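Me: I'm new to this one and keep tripping over the vocabulary. Could you walk me through what the labels rest on?

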Amino acid sequence: MNLIEALEILNQALPENAPPLRAFLACGLTPLHLQTFLAAHLRQRSPQHRVEVSTGLFGDLAGNVERLQGSSYDLLFVVIEWQDIDPRLGIRSLGSWRVVDLPELMKSASLALARLEQSLLRVSATVPTCVCLPTLPLPPLFVTPTYQACRYELQLRQLVDSFAVSISNESSLRVVSAQRLDEFSPPHGRFDIRSELMAGFPYKVSHASAVASLLALLSQNPTPKKGLITDLDDTLWRGILGEVGTEGVSWHTDQHTHVHGLYQQFLDSLASAGILIAAASKNDRALAEQALERKDLIISRDYIYPIEIHWSRKSESAQRILKTWNIGPESVVFIDDSPMEVAEVKAAFPEMECIVFPKNDSLAIWDLLRRLRDLFGKSAVSEEDSLRLKSIRGAVTLRESLELTGGSLDDFLQGADAFIRFAFGKQGADKRAFELINKTNQFNLNGRKLDESGWLRLLNDPDAFIVTATYQDKYGPLGKIAVLTGRLRDKHLEVVTWVMSCRAFSRRIEHHCLKYLFEKFSADEIAFDYEATTRNGPLQDFLRELLGVTPSPGLRLSRNRFFERIPPLSQQIEEVVCG
Amino acid sequence: MAELSDRLVRCFSSVFPALTQEEIRAATVASLVDADSLASVTLLAVIDEEFGVQIDLESLLELESFQKIEQYLRGKDGAGTVPNETIK
């Protein structure tokens, strides 16, 4: 985006009632084009919002952050440059670059970063915060020639890196990737000394655009994809099984097929972070199974589930895999070396991201891995991520077991040794609860998503409560699978959010959730902020069964009605109060 | 040649969206940017980006009007493709 485009985006008319998106840009430089670009990029990503980007005082980054009331904003952007760490690291302030002053400069920088860290930790508890570390070259103040790193220069960079590591531990605080910024904006083309001296704005226009673009992207935090379906021949490995046999396919350097090994390693990495990996291949099943059992396979064989190997259409395989995973096509990436297969699956599932594996192009495979990291990337890996595949396998075992034995749900639940732990309270770092609210569609009270600023407002609302439920039985743990949020005002209990993972269906956990609320709050009635959506059918079915009528907005459930209707509940319950 | 004029109008229009094309073509620079240094810096940056010509603030005011800026840019062979140049 260039400056004229940014201005034109901001000049576009908006409806009068467009909701505001209030952002604060904290920096020590004159915000100038950075503010313009940031507003334009945010507007591009949230076209329905009236984007407002406020700024603070020139030359006072730390003070701008310290004075900030986070709750007044939806987003906070912090852009740090060297002169914010110490004015002597910039060119506008004429002081001393004497050798004898360098040790003191290091101490001053350390103190400045510590001060900034404290204020960032405070404010990020109330507003999602994105930080960009210094991007400009250091001035030539060190004694070494510019091609030799000076000890003080290295020390300065170490201070900034330590600061970045420390703040990145906070769940609501994210740091711009320096590597990605280098790609967008080469380091030698960033500094505009003329503009810095004239206007206090040290960025070339193109650099301002790149910084703003990445900050806006970082603030968006899109929901990551959940599963990847991969082909086998000429994708997971090089070669066609039917032609070269089990030992003929390869993924190693000595056979010049290393990129397939790299792809396997990448899928293994995704799986270790809780991403579901399945295989869909038109092949001889026995042969493919044999190849997948090879000891030198880089991806763990156990990570690939389910495996669809037959001669039918790939879209049929994808359909069955989606059913086993119980997720929608919009959450899945399909990869195959055949453009025809990719087109066939795309036609069946337009919402699915379908990608042709570039088998003969190493650079394109490198780009593919980076693209996949962006599609599946998340800020942190939770305990539930490591349980996901196990719980899916458990659900399949359970379903098959019920079908085989013809047993009732009551029989199953009584013999399942199930245990539910309710956690009552607000845990700011509980990203799993936030994630569940935003990724659950089927058992969802109203389908509404919650952005990070809304989540932080909820955590800071004294009238609001949050309850989470964690489940396990003899088939394995499911982890945290349900979240309820609401308010209690004058003994009036209202549930605003209620989501439950589809992996937890058919265990009567939803009945336990309501029982817990009635008992916890001694409530006579619960009001629900209910709304039907195209996807919350399971929730509608549950409420219909409980109420005896089709649920509608303004829904209320009395204590008497609930306890009259609940089926036998056999799980053990535990409560943890936190926060 | 009309293309250059239109491109310059687009530059002015992006910075002063409330003005019509006619008002832009008739405008004096001083009346637009005197009271608003942010607008002047933005206008200079947009012209630099569009035509690859750096003009400083004093020179912008010396050029006086939209018409004179247009004439100045026409004086450049292949304006918009020339390397960055600063006028003082």
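Me: What makes A:Phe443 a partner of a residue in β15(A), and which residue stands opposite?
Reply: A:Phe443 stands opposite A:Met500 in β15(A). Their strands, β12 (residues 443-444) and β15 (residues 492-500) of chain A, run antiparallel and are joined by two bridges. Two strands pair if DSSP finds at least two bridges between them, so two is enough here. Bear in mind that this is a predicted model: local features need pLDDT of at least 70, side-chain atom pairs count only at pLDDT 80 or more, and totals for chains, interfaces and linings use all residues. As for the names, residues are numbered from 1 along each chain as its sequence is written, while chains are lettered from A and ligands numbered from 1 in the order in which they are written.

Me: Which other strands pair with β15(A), and in what sense, parallel or antiparallel?
Reply: Strand β14 (residues 476-489) of chain A runs antiparallel to β15(A), with eight bridges. One bridge in that pairing links A:Leu488 to A:Leu493 in β15(A). The hairpin of β14(A) and β15(A) has two residues between the strands, and A:Asp490 takes a positive phi near 50° there. Strand β16 (residues 525-528) of chain A pairs with β15(A) in the parallel sense over three bridges, and A:Val495 stands opposite A:Phe528 in β16(A).

Me: How many helices and strands are there, and what counts as one?
Reply: Chain A has 22 helices and 18 strands. They are DSSP runs, numbered from the N terminus: helices are H or I with at least four residues, strands are E with at least two.

Me: Why is A:Leu32 called buried?
Reply: A residue is buried if 20 or more other C-beta atoms, placed from the backbone, lie within 10 Å of its own, exposed if 12 or fewer, and partly exposed in between. A:Leu32 has 21 such atoms, so it is buried. A:Leu32 is found in helix α2 of chain A, and its phi is near 35°, a positive value in a residue other than glycine. Most residues other than glycine have a negative phi, and most peptide bonds are trans.

Me: Why is A:Asp234 only called partly exposed?
Reply: A:Asp234 has 19 other C-beta atoms within 10 Å, so it counts as partly exposed. A:Asp234 lies in the loop between β6 (227-230) and α10 (241-244) of chain A, with a positive phi of about 60° although it is not a glycine.

Me: And what makes A:Glu289 partly exposed?
Reply: A:Glu289 has 14 C-beta neighbours inside 10 Å, so it gets that label. A:Glu289 lies in helix α12 (residues 285-292) of chain A.

Me: Where is there a cis peptide bond?
Reply: A cis bond joins A:Tyr305 and A:Pro306, with omega about -5°. A:Pro306 sits in strand β8 (residues 304-310) of chain A.

Me: What makes something a nonpolar core, and which residues touch the most other members in the largest?
Reply: A nonpolar core is a set of buried Ala, Val, Leu, Ile, Met, Phe, Trp, Tyr and Cys residues joined through C-beta atoms within 7 Å. In the largest, with 122 residues, A:Ala23, A:Ala26, A:Leu38, A:Leu76, A:Phe77, A:Leu215 and A:Ala482 touch the most other members. Domain 1 (3-220) and domain 3 (404-578) of chain A both give residues to this core, so it lies between them. A second, separate core has 41 residues, including A:Leu276 and A:Trp325.

Me: Where do the domain bounds come from?
Reply: They come from an automatic or database domain assignment. Chain A is divided into domain 1 (3-220), domain 2 (227-376) and domain 3 (404-578). Taken over C-alpha atoms, the centres of domain 2 and domain 3 of chain A are separated by 36 Å.

Me: How do you know that chain A agrees with a compact globule?
Reply: The radius of gyration is taken over C-alpha atoms, and the globule rule is 2.2 Å times the number of residues to the power 0.38. For 579 residues a compact globule would be near 25 Å, and chain A has 27 Å, which agrees. Of the 579 residues, 39% count as buried.
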